[in-house]
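The following exercises are to be worked through with the sequence and the model at hand. Each task is followed by a solution in steps.

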Amino acid sequence: MRVSLLAACLAASLLTLSACKRTEPAAAPDTAATAATPASAATTHDNLNAVAWVQTSVEYRALTTQTFRAAADHLDAALKEKNWDALVPDERGNAATGLKPAVVMDVDETVLDNSPYQARLIRDGKEYDEISWDQWVAEKKAKPLPGVVDFAKAAAAKGVTILYISNRAVHLKEATLANLRDAGLPVADDSVFLGLGTVLQGCEQNGSEKNCRRRLAGQQYRVLMQFGDQIGDFVQVEANTREGRQALFDEYDDWFGERWWMLPNPTYGSWEPALFNNAWDQPAAARSQAKRDALDYAP
């Protein structure tokens, strides 16, 4: 899940930052202007281990594949159960009975793998920014996560619409849909992409929260499942703190593995700013120290 409004993250409060400031990939930098950073700088980048794990480990591939396979095994039961719904009651503004079935999927690090963008940032000693991210999206080179294409095609074959609720901004819609199609994912029509900036009349969106767009999906569909890589992909995060996030998990823990399906993403997420009071304006060293302070050290 990628957030394209970094500026909003700097000004938002704990109530509005469930998905802010995340490194969503960007286009390749001009090689003439940005030569590779010295190895010493690259090895100290916060994301080195995480991106290396995503790109090279069989464990990552196994996790994503088993998640989508397990979800596929639950799909028939969800279709048969008339009252089955993956939207929380507060986000279901109308009865779901009789509506067309759908599955809601986040895009970044849930459907599309943007680790090449993250690798560029490591190489060049940089952090996420909107310009580089937009450039990457325009390239339309992101590959699908292992297992997602098989699941999405199987769901579509059963008459289930795949909806993409993403924090990619609406101006990235065409490039995103083209990338999804090129990756082999089902795209029924342009309306299945609900990007950041999609408006639901009468619903006020806080920052990059997705609750309004989930409500919009619920007006037309019975949502059988949701897929994401952050807790905010499933339910609104009222307070992006460790305690607030844990409370949400405790409340909905039995939804995971049935209605909700979480994908692994160690490279970025709303969990990260929760460790430093959501203050992205702090120097990188201060943010890094806050993460160290959050660790549980062996005696």
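## Exercise 1: The disulfide

In this predicted model, the torsion about the S-S bond of Cys-203 and Cys-212 is about -85 degrees, so the disulfide is left-handed.

Task. Establish that Cys-203 and Cys-212 form a disulfide, and determine how many disulfides the count gives.

Solution.
1. A disulfide requires two cysteine sulfur atoms within 2.5 Å.
2. The sulfur atoms of Cys-203 and Cys-212 are 2.1 Å apart, and the pair forms a disulfide.
3. By this rule, the count comes to one disulfide.
4. As to its surroundings, Cys-212 has a relative accessible area of 2% and is therefore buried, the limit being under 20%.

## Exercise 2: The two sides of helix H3

Task. Identify the buried residues of helix H3 and state how they are arranged about the axis of H3.

Solution.
1. Helix H3 spans residues 48–56, and Ala-50, Val-51 and Val-54 are buried in it.
2. Viewed down the axis of H3, these buried residues fall within an arc of 90 degrees, so they line one face of the helix.
3. The face turned away from the buried side of H3 carries Asn-49 and Thr-56, which are exposed.
4. The buried residues of H3 pack against helix H4 (58–80), strand E2 (112–113) and helix H5 (115–124).

## Exercise 3: A buried acidic residue

Task. Which side chain of opposite charge is nearest to Asp-113, and how far away is it?

Solution.
1. Asp-113 is found in strand E2.
2. The nearest side chain of opposite charge is that of Arg-61, 7.5 Å away.
3. A salt bridge requires a side-chain nitrogen of Lys or Arg within 4 Å of a carboxyl oxygen. Asp-113 has no salt bridge, although this residue is buried.
4. A polar atom of the Asp-113 side chain does lie 2.8 Å from the backbone nitrogen of Ser-115.
5. Leaving aside residues up to four places away in sequence, Asp-113 touches Val-54, Trp-136, Ala-142, Lys-143 and Leu-145. Among these, Val-54 is one of the buried residues of H3.

## Exercise 4: A contact distant in sequence

Task. Determine how far apart Ala-78 and Leu-224 are in sequence and in space.

Solution.
1. Ala-78 lies in helix H4.
2. The relative accessible area of Ala-78 is 0%, and since buried means under 20%, this residue is buried.
3. Ala-78 and Leu-224 are 146 residues apart in sequence, while their C-alpha atoms are 6.0 Å apart in space.
4. Not counting residues up to four places away in sequence, Ala-78 touches Trp-84, Arg-222 and Leu-224.

How values were computed
Residues numbered from 1 in each chain as written. Predicted model: local features only at pLDDT ≥ 70, side-chain atom pairs only at ≥ 80, totals over all residues. Heavy atoms only, no water. Buried < 20%, exposed > 50% of the residue type's maximum accessible area, 1.4 Å probe, protein only. Helix = DSSP H or I, 4+ residues; strand = E, 2+ residues; numbered from the N terminus. Arc of directions from axis to C-beta. Contact = heavy atoms within 4.5 Å. Lys, Arg positive; Asp, Glu negative; His and termini not counted. Polar contact = N/O pair within 3.5 Å; in protein donor to acceptor, adjacent residues only side chain to side chain.
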